[in-house]
Amino acid sequence: AGTFLEEAPILAVSSYTGEGIEELKKAIFALIDASSQIKNPDTPFRIPVDRVFSIEGFGTVITGTLIEGQMNVGDPVTIYPKGIETKIRNLQVHSHDVQTAYAGQRVAVNLASLKKTDLDKGDVVAQKDSMHVAMMLDAKMSVLKNCERDIFNGSRLHLYHGARDILCKCVLLDREVASAGDEVYVQLRLEEGIAAKAGDRFILRFYSPVETIGGGVILDSNPLKHKRNDETVLKALELKDKGSEKEKIEEALKEYSPRYESIDYLKIHTNIDSEMFDSIIHILLEEGTIYPINNNTYIHKSFLKSMEQRAEKMLSKYHEENPLRSGMKRDEFRGKLFTNQDISVADKMTEYMVADGVLTLPAGSVALSSFAVKFSADQEKVMGKLEAVFKDGGYAVPSLDDVAKQFVKEKSFKQVLEALITDGKLIKLTDQIIYHEEVYNTALKLAMDFANEHGQISLGEVRDLLGSSRKYTLALLEYWDRKNITKKVGDARTF
């Protein structure tokens, strides 16, 4: 009475006479048939280690209950949380060799190339690369109705998960104290790494004296660190607790988009069936809720919008400080907005912002679509004079220092010069040699046509084609080399 068993049927059995054994078997099979907790054989296997020993001639053996999936002789495995990789040499179920073991069975696993000291009770033997190791868990904690002590925020507790006992700090996310019968959202901050999955059950006991408090279910097996009394965090945990599979996947995408985590990572993180996960991703794509970065990475639109806002803020400031530049250099934009991300990720995100009408890409730069360079009448005058100087200079232009002397009275000289270089109207070969784009493009075409006809081109041949000196020709060729337009082959170059 007073427990979850009070309405359960009672069967009389005798292990001496066999009386009632068949009825018991039938009752158990009926419960199995009626159960909604069908174990999916395609789920990555895992087995918490409850015993480790060595057998002469065989090596290291572990025993435990296979709680998910199916394991086969020869399968590669990872030992968590240590990250050791090995493979299954042999399997036994009830002292009989088997090729395959299934979820629910007690299994002895002979692991290749491991010493007994390589493993500990509480480790998890799992399918290779199928779990994450974490130092925190988000969970729903249920305090026993007959618990006589309160659990205060920050209490040090024992966490029992699988065959593991770990000390942890219990952070109550919405209150200062939890009492008998309470169900509360907590973050368990662990003193050792653990490999767990969303949906796993656990038990909590006081640190001292060791008394059982209650238990709960893991909602997030590798969470970010949370602030307490944060409504956003609490709503997300409620969704992970009570939401649909679609809502859980969308929430994971929201949380992990800033880290550009792969679909493979999120499948482990959410512990949702792979086929169902893929199906829901397809639905979210069709709804326009997520955006593909590549075949294995998707970003939630809410994160895209926040990145657009950051880009707008950053470029607004840039345009204000550099009104004569058409935009920020693409490399600078990537580095500031997409820190430590691959170029492909940054370019795909930028591509979205362009398609969304927020950005434009003028001449290798990035700018707000609402921005346009506006020159004053004086600046327009300086720009015209500068272009004329470099056009008239041809392939033997005056040095930048000499040009600057001609514009010593023009305050906007440097700004206009930088704007012309940024826009590609002027090509800066060296610190002192600058070609007008028309002059540069003509030189490039002449040299390419010659090289295509003769297979290659030398410095002397470029010099003769352009009627230029060695100094200017060398500056031009070295610029092409840096830009990977040409490739040196001995003393010559190819395009």
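Let me begin with a convention: angles under 35 degrees count as roughly parallel, over 145 as roughly antiparallel, 65 to 115 as roughly perpendicular, and the rest as oblique. What we have here is a predicted model, in which local features need pLDDT of at least 70 and side-chain atom pairs count only at pLDDT 80 or more, while totals for chains, interfaces and linings use all residues. Residues are numbered from 1 along each chain as its sequence is written, and side-chain values use heavy atoms, with hydrogens and water left out.

I will start with two helices, (DSSP runs of H or I, at least four residues). Helix α12, residues 437–454, packs against helix α14, residues 470–482, at an angle of about 80°, the axes (lines fitted to C-alpha atoms over the stretch in contact) being 12 Å apart. The two helices are therefore roughly perpendicular to each other. To their contact (heavy atoms within 4.5 Å), α12 brings Tyr440, Ala443, Leu444 and Ala447, and α14 brings Leu476, Tyr479 and Trp480.

Tyr440 deserves a second look, since, leaving aside residues up to four places away in sequence, Tyr440 touches Ile427, Leu429, Tyr435, Leu476, Tyr479, Trp480 and Ile485. Tyr440 is also, with Leu386, Leu429 and Tyr435, among the residues with the most contacts inside the largest nonpolar core, which has 39 residues; such a core is a set of buried (under 20% relative accessible area, 1.4 Å probe, protein chains only) Ala, Val, Leu, Ile, Met, Phe, Trp, Tyr and Cys residues joined through side-chain atoms within 4.5 Å. Helix α12 gives the most to this core, with 7 residues.

Notes: Axes fitted to C-alpha atoms, helices over the stretch in contact; angles between N-to-C directions. Buried < 20%, exposed > 50% of the residue type's maximum accessible area, 1.4 Å probe, protein only.
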